[in-house]
Amino acid sequence: MGAVWRCIRSRAGAPPAYSDAMALPVIQGEQVTLRPLAEADLEPLAEIIREPSVARWWGESDEPERLRENLRMDGDAWAIELDGELIGWLGFVEETEPEYRSVAFDISVSERVQGRGLGPDALRAAIRWFASERGHHRFTIDPNAGNERAIKAYSAVGFKPVGITRRAELVDGEWTDGLMMDLLIEELT
């Protein structure tokens, strides 16, 4: 889970002050379906987060209650499905202040489907929806700087590196750097 999420979500579970409550739609990507997260998804998603290639980048993978709360995102998250099977999670924080409009994403997909372009497909679908339905033009994501697989996947969507957040998150007991990436809607690939 990226450093931006921890900063924003750290207010005792309170939703960000700038979040507009909205009912999330079901969104169809080329391969995946995004649907509103349900309570019944939390334990299967926690199992995905505990998979070795995912758990390394999620600090609370061994803290069940904290993990479930972060997955809920106060309703600002989709379950990612492939042919009706739950394969991942896509959370977001939407900034709606007119001068700063943007959407920050975080995503995890099961290691059994990694490398098939499903995460990028989910991100593209969400970005298109936020651009067309909510009027956004700018999007961010902040993988760990050592997470080469994630950086490659986000770059395939059109995200570009904009800077390093130094010692931004604990991984394996050591402070590691994050990589801030952004995308403008016209750069979506």
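Contact is taken here to mean heavy atoms within 4.5 Å. In the predicted model, Leu 24 meets this criterion with Pro 36, Gly 75, Asp 76, Ala 77, Trp 78 and Phe 92, when residues up to four places away in sequence are not counted. Leu 24 belongs to the loop that runs between helix H1 (3-9) and strand S1 (27-28), and its relative accessibility of 12% places it among the buried residues, because buried means under 20% relative accessible area. One of its partners, Trp 78, is 54 residues away along the chain, and the C-alpha atoms of the two residues are separated by 7.9 Å.

At the level of the whole chain, six helices and eight strands are assigned, and their order along the sequence is α-β-β-α-α-α-β-β-β-α-β-α-β-β. The chain has 189 residues, of which 51% count as buried. Among contacts with a sequence separation of 6 or more, 64% are between residues 24 or more positions apart. The mean pLDDT is 88, with 87% of the residues reaching 70 or more. Residues 3-20, by contrast, have a pLDDT below 50, although this stretch makes 41 contacts in the model beyond near neighbours in sequence. Where pLDDT is low, the predicted coordinates should not be read in detail.

The packing of two helices can be described in some detail. Two packed helices are described by the angle between their axes and the distance between the axes. For helix H2 (residues 42-49) and helix H4 (residues 64-72), the axes come within 10 Å and cross at roughly 110°; since angles of 65 to 115 degrees count as roughly perpendicular, H2 and H4 are therefore assigned to that class. On the H2 side the residues involved are Leu 42, Glu 43, Leu 45, Ala 46 and Ile 49, and these meet Leu 67, Arg 68, Leu 71 and Arg 72 of H4. Sorted by class, the contact of H2 with H4 consists of six nonpolar and three charged residues, with no polar residue taking part.

Leu 45, which lies in helix H2, is buried, with a relative accessible area of 1%. Leaving aside neighbours within four places in sequence, its contacts are with Leu 37, Leu 71, Leu 86, Gly 88 and Trp 89, and Leu 71 is among the H4 residues that H2 meets. Gly 88 lies 43 residues from Leu 45 along the chain, yet the C-alpha atoms of the two are separated by 6.6 Å.

Gly 88 and Trp 89 also appear in the surroundings of Ser 108, which is in contact with Ile 49, Val 54, Trp 58, Ile 80, Ile 87, Gly 88 and Trp 89 when neighbours within four places in sequence are left aside. Ser 108 is part of strand S5 (residues 102-109) and counts as buried at 7% relative accessibility. With Trp 58 the relation extends to a polar contact of 2.7 Å between the two side chains.

Beyond strand S5, in the loop that leads to helix H5 (118-134), lies Ser 110, which counts as buried at 0% relative accessibility. The side chain of Ser 110 makes a polar contact of 2.6 Å with the side chain of Arg 112. Outside the four nearest places in sequence, Ser 110 is in contact with Ile 48, Glu 51 and Ile 87, and Ile 87 is also listed among the contacts of Ser 108.

Backbone geometry was examined at two further positions. Most residues other than glycine have a negative phi, and most peptide bonds are trans. Met 73, however, has a positive phi, near 50°, although it is a residue other than glycine. Met 73 is located in the loop between H4 and strand S3 (77-82), and it is buried, with a relative accessible area of 0%. A positive phi, of about 45°, is likewise found at Arg 167, which is not a glycine. Arg 167 is placed in strand S7 (residues 160-171) and is exposed, with a relative accessible area of 63%.

Key: Residues numbered from 1 in each chain as written. Predicted model: local features only at pLDDT ≥ 70, side-chain atom pairs only at ≥ 80, totals over all residues. Heavy atoms only, no water. Helix = DSSP H or I, 4+ residues; strand = E, 2+ residues; numbered from the N terminus. Buried < 20%, exposed > 50% of the residue type's maximum accessible area, 1.4 Å probe, protein only. Polar contact = N/O pair within 3.5 Å; in protein donor to acceptor, adjacent residues only side chain to side chain. pLDDT = per-residue confidence, 0-100. Axes fitted to C-alpha atoms, helices over the stretch in contact; angles between N-to-C directions. Parallel < 35°, antiparallel > 145°, perpendicular 65-115°, else oblique. Nonpolar A, V, L, I, M, F, W, Y, C, P; charged D, E, K, R; others polar.
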